[in-house]
Structures are given as structure tokens and as C-alpha cells.
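Colleague: I am new to this structure and would like a close look at one part of it, set among its surroundings. Please start from a single residue and work outwards from there.

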Amino acid sequence: MEVLGSSDCNLEILETLSDDAIQEITESYDGFFSSVESLIAGTGDSFVEDEFVSHVYCLCKYGLDSLVRDHFLRSLEQAFEKGGASSFWQHFDAYSEKKLHNYGEEIQAVLCKALEEISVEKQYHEKCLSIVVHALQSYKEQSSVDRQTSDTERVHLFSRFQSMLSSTLMTTLPQYFPEILHWYFKERLEELSAIMDGDGIGEQEDDCMDLDEKLRYKNGEMDVDEGYSQGKRLGHDKLVKNIGKVVRDLRSIGFTSMAENAYASAIFLLLKAKVHDLAGDDYRTSVLESIKEWIQTVPLQFLNALLSYLGDSVSYGTTSSDLKSPLACCPSPSFSKVVTPSEGIVRWKLRLEYFAYETLQDLRIAKLFEIIVDYPESSPAIEDLKQCLEYTGQHSKLVESFITSLKYRLLTAGASTNDILHQYVSTIKALRAIDPAGVFLEAVGEPIRDYLRGRKDTIKCIVTMLTDGSGGNANGSGNPGDSLLEELMRDEESQENVGFDDDFHTDDKQAWLNASRWEPDPVEADPLKGSLRQRKVDILGMLVDIIGSKEQLVNEYRVMLAEKLLNKTDYDIDTEIRTVELLKIHFGEASMQRCEIMLNDLIDSKRVNTNIKKASQTGAGLRENELSVDTLTSTILSTNFWPPIQDEPLELPGPIDKLLSDYANRYHEIKTPRKLLWKKNLGTVKLELQFEDRALQFTVSPTHAAIIMQFQEKKSWTYKDLAAVIGIPIDALNRRVNFWISKGVLKESTGANSDSNVLTLVESITDSGKNEGEEELLTGEEESETSIASVEDQLRKEMTIYEKFIMGMLTNFGSMALERIHNTLKMFCVADPSYDKSLQQLQSFLSGLVSEEKLEFRDGMYLLKK
Amino acid sequence: MKVKILRILLWHAVASWTWDAQDETCGICRMAFDGCCPDCKLPGDDCPLIWGACNHAFHLHCILKWVNSQTSQAHCPMCRREWQFKE
């Protein structure tokens, strides 16, 4: 405005100017030029200043004050460009080639010196500027052309000067300068951090420091008595003061945001390093608290001190409003100077904590797989992660990353089903801690479940995990069974509690309380998957979910229970009873009915056994070759309720056979009209073999016992004869005999053909050179060949009924998809036996038919093999 | 003397029990004799069989229910002879 106005005047008065006036203007113009030069160069004295002032007056008289301002500023700019700026950058020329982290100690000194020099230069220029301002002001006062207040003139000129200065520096800014700044702050912060870490006690005092105290620190009331040792305090103060000076100098030359950036990034870098350092690969301790403490002690202390130092020493009107972090979100312009720093520090605290949470969270998420592998020990890390996620809300990141690592590391052909299940259970537990609603668990569990469904031994492994509770852990790694049983029991308790709640607290008040405790599902929840209540995390439920139905699980368990019970000789079934009781809670009384009957059989057997023994004791003494009834115990089954048992014919040697039939007779006497049917091939026999030099004990199956007993009569047998006497097929005999051969009890000598190979008893065990000595108690190694038909065998047997239906269907329709076969069977096989198999069962049966080459599978369709 | 002596320390055998009846299933409830009647949970002693004078066997619970439901003299459900418990 003012410039415009004066130029308008000039045009009008140009005509009226006299020669004298022109002469005067020209002279003072020249004088002004030369005096400006000498003034800026600093060569002049007070005389030059006076002369300068008079020239300014003169020019102003003719309305040329804008010329004065413009020219003066331009001269200042030229001078600054030539002098200050270039010499400032020259300081750093030496470092232009060096990479980050490589500046060395001297950079600190160089930076300080350069900043000092440029500040001095700037101050001088400001002095010159204030002379001009003063001259202009005093002229205005004299001529009483008081259109503007003196202060606006001053502010206007100084801001022009400031922006001129910054732009000059910015345009000449070398690329490496921000790096130098960054490096400088990094070094200083590390130094500070080292000072703060130096004194453990001081740090602990700091831990308790709350925000109010922080703010007091902020306002400059730093108290030496706050638990800091004097020396540390001093070192800290000095350091902060140094840094503060650098920052202030940087601000004064217009590098406010660059300085902010530099120390912010340095702080974040340091924080990140600290988090990585503290968190590391140790999941057994919680690190979140110590990270928070560290944030309180080091970076916040630093910022407190820095901001307060700057706040107190700000002397430029233009920079006072820059106290707030430029990165902080929307600082309201109405903040007074007192409020601003505390707001700033709170913002800084939030920023730093968020950053720390995020860093820790990323770190933990990346290692989540390992953390879950040693879950119960790593629960502090899980707890940390939970807090971080609550703060950052980046659950989806966790899900994605964890699923990826699962697919890469767990769900591969190389991992054993047991390991996968174990990890699955740990995952459930760990994620349940992070997210009780189970939303993320659902997402993470899905791929594991899908994968496990594709494995054949999944059901078996699950059941083993469930039942092998107390110590029966074959693999040795950890104790997977134990944890599950424990889980079952815990659930049992919680279920009782839930029942209690439902029964007794149904009054309105309680209902209201429940309603007010309702929380919405997390946003990430999949609305298709039911509400919170249905998603209640239940490990057993999730395991059953893998299998498909509880019937399958119970069935598999029944088979395993049968196997276990049949191998018992001492009727000790406490653990089994306990397991069945627990399973009953989950699966209902009805589905465990058969298991209960099996257990009951064992209990009855024990009682019956004692009764029979008592009854027989009255009998006469034993004849030779007769065995005492005491050696015989039995398990008596209610066959209808046991899984199908593989019956094999077996002829037992006379004495044993007699013993058994006596036993059966006694049973018949006691329990008329019930009678016993022996399953001679089942059971366990403990026997002792006495050689001339030693006695060996064996625990074997009755078939093994029958074989070896035959050698009492006759020292050598051909396979054929032996098989005939014992009444088992030759190939079955072969397998059994191998056991004795491997123990060095029998010896095989080759005959004319394989059937006439001769088995001979080894007279002295030292002859064979095998198994030197040690007394062996073993459960014949072919015990793995089970006496109970496996679930798959049962299924195959049951499914064969439907084979004809399927074949007929496919002849009529050509080709059919799995689902259609399933539905058709469901529709037509309603009569005895109705079709009750699951889709998976049908699929495995069909794939069996495909492998038998009865069917063909092409493009998802089954068709008859031609 | 190179004589080997074999000694049986323990012989744990496995057997199944069965009712010594001619039929497989109870004529009333059509459940297996070796199982139990629909009202029972445990087979064996808890759910015994009973023979009539006509030598037909039923679950005790089943035939008792039948006998009690008859207003006059009960008959064997199988052969319609007068029902008498076998001595």
C-alpha cells in the first residue's frame, strides 16, 4: 500500500521538481549507496552512520523511502550471500563426501562454530537493519506523516529480512546438511541416554515421576533434589543446553522444521534401537513397562529440557509461535505461550509411546510363531503384544503375518500332526489372551483346521492328546496331553460357574448388569460367523471342530480306550475313569455311555476275579503240570458295547486250556445263567524263561506264550507243524516267531522249503551272542498290531453296504459330484441301515474305491471305471 | 543239564460273557440279550434275563412290565402260554 501510494505521488511531482531538487536527490542517492556499502561491510564508524541517516532523510523527503528499504535489503542479501552463507556452508564442505554415521566427533564443534559465526553475522545485519528502521521512524515522526505505527514498519522489515535470510540459505543448502544434523542429534541423544542410564537409582526415581512432575520440569523448575546425583544432573543440563543452543541458532536462521525433523528422527531412531535392544528374542519377561520408563527418562526428559530452554530464551517475535512441534496435529493458534510447551510435551509423549507400541508390536508379530511355540513361558510377551494391539489396533496385521508364517513353517508335510495340534492349542491359548472374543483366533485357526482335516491321523492324535494325560507322553517334547486334560478340567469348573449364574441370577437387576456389560464385537469381526456368545473360545470345541463331529471323536476315543483297557492286567483304571468323566461333561452322558460300560466291565471283572479265586482256594492241592488259579486273571467284556475285536483262533497248551475252562466253569457257577467265552488270542502273559545261566522275564501276548510253551515238549519244530498245533496260519506264526528269534530264544535253520524251516530252542543264551544279559521286561513289540479294529476298518465295513448303491447310481447318471452322491444316499437309504455318514467319511470311502480302481475321479466328478 | 524251565507268572486272559439263552434278542424290546433293556444303562447283573416255564427268555424288566400291564393272567408274548416264572 505504502509503496504504491508513494509511486503515485512521484508521477505527479515529477513535473514540478526543480533542477536543485534533482541535484539533491542524485547526490544523496549516491551518498546513500556508498554509505550502505560501508555500513554493511562494517568499515564505517559513527560518522558513516550519521551520514547514512541524513541521506535516508533526504530521500524520504522526496518520497523515495521504498527505494531505501528495497535497496538496503538487497544489499544485505548480497552481502549475506557472499559472506555469511557461503562461509557457513564452507564449514561443512569437508563432510560432503562422507556417509551417514561417519562424521566423527569434530562435527559437533564445527556445527557449533558455524552456527555461532552465522549468528554473529546475522546479529550485525540486524543491527544495520535497525539503524535503517530507526532512521525511517524518526523521519516519519518529524514529518508527522504518521500513517503507520512505528512497530509495523519494524515488524515488516524484520520479517522480510528473516525470509530473505532463510531463502538465501535454503537455496544454497547442500544435500548432506540434513544428514549432518540428524547425525548430530543422534550422537547427542545417545550421549544423553548413556548419562541417564548411568545411574540406576536415579532412573528408578524417575519411574515414579508422573506427568505433573514432568510438566514442572518443563517449566524450568528442575529440582536437583529429585533423586538425581549432582554430577549427572549437571552433565545432563550442560548437554541439553548445548543442544538447545544449536536448535535455537538453527531456528534463528530459519531451519526450524529441519531441526525438528532432525531431532525427531534421531529420537525415533534411538527409541527403535532401544525397543529392539530391550525386546530382543527373550519372551519370558515383559518389556513394555521398561520401554515406557525409558521414554519417560530419556527422550521426554530431553524434550522437556529442550523445549523449556527454548521457551525461556526465545527473543524473536517471529519464532515464538514455532514452539509447537510442526508435526503435532492441528495446534490451535489460541494457545498462550505458557500452555504451548506442556501441550507439546504431551503430544510428544503420545507420539513416542505410539511409536514404541508400534515398534514392539511389529517386532512381536514377526516373531509370533516362536512366541507361541514356547507359549506358557512366553506369556509376558503375549501380554505386551496385547497391550500394544489395544493401543495401535492393528490386529489385522497380526492375523496376516501369523497366517503367512503358519503356512510357511507349520502347515507343511514335514511337520508331524502332533506338533501341529500342539501349536494349534498353544495358538488358541495365546490368542485367547490377546483377544478374548476370539475374533482373530477364528481367522488364524481356519487355515490350521483346514489343513488338519486333510490329514488322516488327526483324530487319533487329538484323542491321544486328550487322554494321555498323566505322563504317558511318548514323544518326550513337552507334555501335550497334560495341558489338554488340564484344559478340560478348567472348562469343567467354568461351566459349573456359568450354570450357577444362569440359575440364580435371573432377576431384573442382574439382567440389567449383564446388559450393561455388553460389548460390541470388534470391528474386525466377521458378521457371518455368529455373535460373541457363540464364539466363546473353547479349546475342546475347536478341536472337535477339526474332526467334524463329536461322534467321530468319541468313537475314536472308544477304540483307544478299548485298546488300553485290554492291555491292563491290574484293573487300575482311575485315570481312565477321570478322563471319561471329563469327556462326559463335554459330550453328554449319552455319547459316553458305551465307554462307561467298558469301564464298568473292568470293575466287574476285578470283583468276579476275586470271587472266583476265593471259591477255588478250597480245592485240593495242585497236581504236577497244573497251574494255580492264582496265575490267571481275566477281563470280562460286554462285547456288544466294545468296538469290534479282532478274533483269531488259537490253541493253547493243555494246562492253560484247562485253567481257562475251570475258570469259566466257576464263573458259570457264580453267575448263572451267564457264561464265559474266551478270546484266547487276547490278553497279556508274563513268563519267565530259565536258561542254564540266567532267567529272563518276558511280557508277551498269549500267542507268543503258546509258541514258546510248545518248545517245552519238543526242542525243534517245523513251521508247518507248529502252526498246526497252535492253530494259527503260517504267516501269522512267522511274525510271532520273529519276536522270539530276535530275543535269541529260538533259532531258525533253513529246511528244504520255507514251510519246512526248522525252529530250535537256543539252549544257552550266550550261544546266540545276542542281548547280552540284561533282564528284559517288554511288551512284545508287535503290540502295535492292535487287537481292536481301527475306526477306518470299521468305517470301510459299514460303507461297503452302500457300495452297490453308489455303483448303481453311477451307472444310471454317468458321473456325479461328491455332494450329489451324498445327498442321493441320504435320500434313498433311509431304511435299515439308514445312511448316517458325513461328507468326509463318504469322500474317504470313495477315494478308497478310486484306489481300488473301481471308480474314477475326474474334474471333481466320480464315474465308473471302464 | 540243559533244561529250560518255563514258568508262567501271570496269565491275564480276556473273555466275553453272554447269557446262556437260545435267542439273541429279547422278544419284547428287540434288544440284544447281551445288551440291556431300554430302561437300563448297564448290561449284566443290573439287567438280568428271566426264563418262563415255556423256556422263553426275556429281559426281567421287560417281562415284568408286560406282566404288570395285563389285567388278567399274563401270557408269554412269544407262545401265548400262561406266563410262569421258571423255577
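Modeller: A residue to begin with is Leu466(A), which is found in helix H20 of chain A, the helix that covers residues 458–467. What you are looking at is a predicted model, and everything that follows should be read with that in mind. Leu466(A) counts as buried because 24 other C-beta atoms lie within 10 Å, where 20 or more are needed for a residue to be called buried. Leu466(A) also shows how the fold brings together parts of the chain that are separated in sequence: Leu583(A) is 117 residues away along the sequence, yet the two C-alpha atoms are 9.3 Å apart in space.

From one buried residue it is natural to turn to the nonpolar cores. The largest of them has 173 residues, and those with the most contacts inside it are Val56(A), Leu360(A) and Ile462(A). Helix H11 of chain A, residues 256–279, gives the most to this core, namely ten residues. Apart from this core lies another one of eleven residues, and among its members are Cys36(B), Cys37(B), Cys47(B) and Cys62(B). In soluble globular proteins, nonpolar side chains tend to be buried together. For a closer view of the largest core, take Val56(A): once its neighbours within four places in sequence are left aside, Val56(A) is in contact with Phe32(A), Val68(A), Val132(A), Ala135(A), Leu136(A) and Tyr139(A).

The cysteines just mentioned lead over to chain B. Chain B has three strands and one helix, and along the sequence these follow the pattern β-β-β-α. Of its 87 residues, 32% are buried, and among contacts between residues at least 6 apart in sequence, 38% join residues that are at least 24 apart. The mean pLDDT of chain B is 85, with 95% of its residues reaching 70 or more, while for the complex the predictor gives an ipTM of 0.91 and a pTM of 0.62.

Where the two chains meet, 26 residues of chain B are in contact with 43 residues of chain A. On the side of chain B that touches chain A, strand S1(B) supplies the largest share, 15 residues. By type, the residues on that side divide into 15 nonpolar, five polar and six charged.

Strand S1(B), residues 5–19, is joined to strands of chain A in two ways. It runs parallel to strand S1(A), with six bridges between the two, and within this pairing Leu632(A) has Trp11(B) as its bridge partner. It also runs antiparallel to strand S2(A), residues 674–690, with 14 bridges joining the two strands, and here the bridge partner of Lys679(A) is Val14(B). Strands of a sheet pair through backbone hydrogen bonds, either parallel or antiparallel.

Strand S1(A), residues 632–637, is largely enclosed by the rest of the structure, because six of its six residues are buried. Leu632(A), Ser634(A) and Ile636(A) point one way from this strand, whereas Thr633(A), Thr635(A) and Leu637(A) point the other way, and all of them are buried.

Further along chain A there is an open sheet of three strands, in the order S4-S6-S5, with antiparallel pairing. Its edge strands are S4(A), residues 716–718, and S5(A), residues 746–749, each of which pairs on one side only. Neighbouring strands of this sheet are turned by 25° against each other on average, with direction ignored. Three bridges hold the antiparallel pairing of S4(A) with S6(A), residues 758–761, and Ser716(A) stands opposite Thr760(A) in S6(A). Across S4 and S6 of chain A lies helix H29(A), residues 719–726, running at about 90° to S4(A).

Two residues with a particular backbone angle complete the tour. Most residues other than glycine have a negative phi. Asp859(A), however, has a positive phi near 50°, and this residue lies in the loop between strand S8 (855–858) and strand S9 (861–864) of chain A. Asp859(A) counts as exposed, because it has 7 C-beta neighbours inside 10 Å. In chain B, Arg80(B) has a positive phi of about 65° although it is not a glycine. Arg80(B) lies in the segment after helix H1 (60–69) of chain B and is exposed, with 9 other C-beta atoms within 10 Å.

Conventions: Residues numbered from 1 in each chain as written. Chains lettered and ligands numbered in written order. Predicted model: local features only at pLDDT ≥ 70, side-chain atom pairs only at ≥ 80, totals over all residues. Pairing = 2+ DSSP bridges. Helix = DSSP H or I, 4+ residues; strand = E, 2+ residues; numbered from the N terminus. Axes fitted to C-alpha atoms, helices over the stretch in contact; angles between N-to-C directions. Contact = placed C-beta atoms within 7 Å. Buried ≥ 20, exposed ≤ 12 C-beta atoms within 10 Å, placed from the backbone. pLDDT = per-residue confidence, 0-100. Nonpolar A, V, L, I, M, F, W, Y, C, P; charged D, E, K, R; others polar. Core = buried A, V, L, I, M, F, W, Y, C linked by C-beta atoms within 7 Å.
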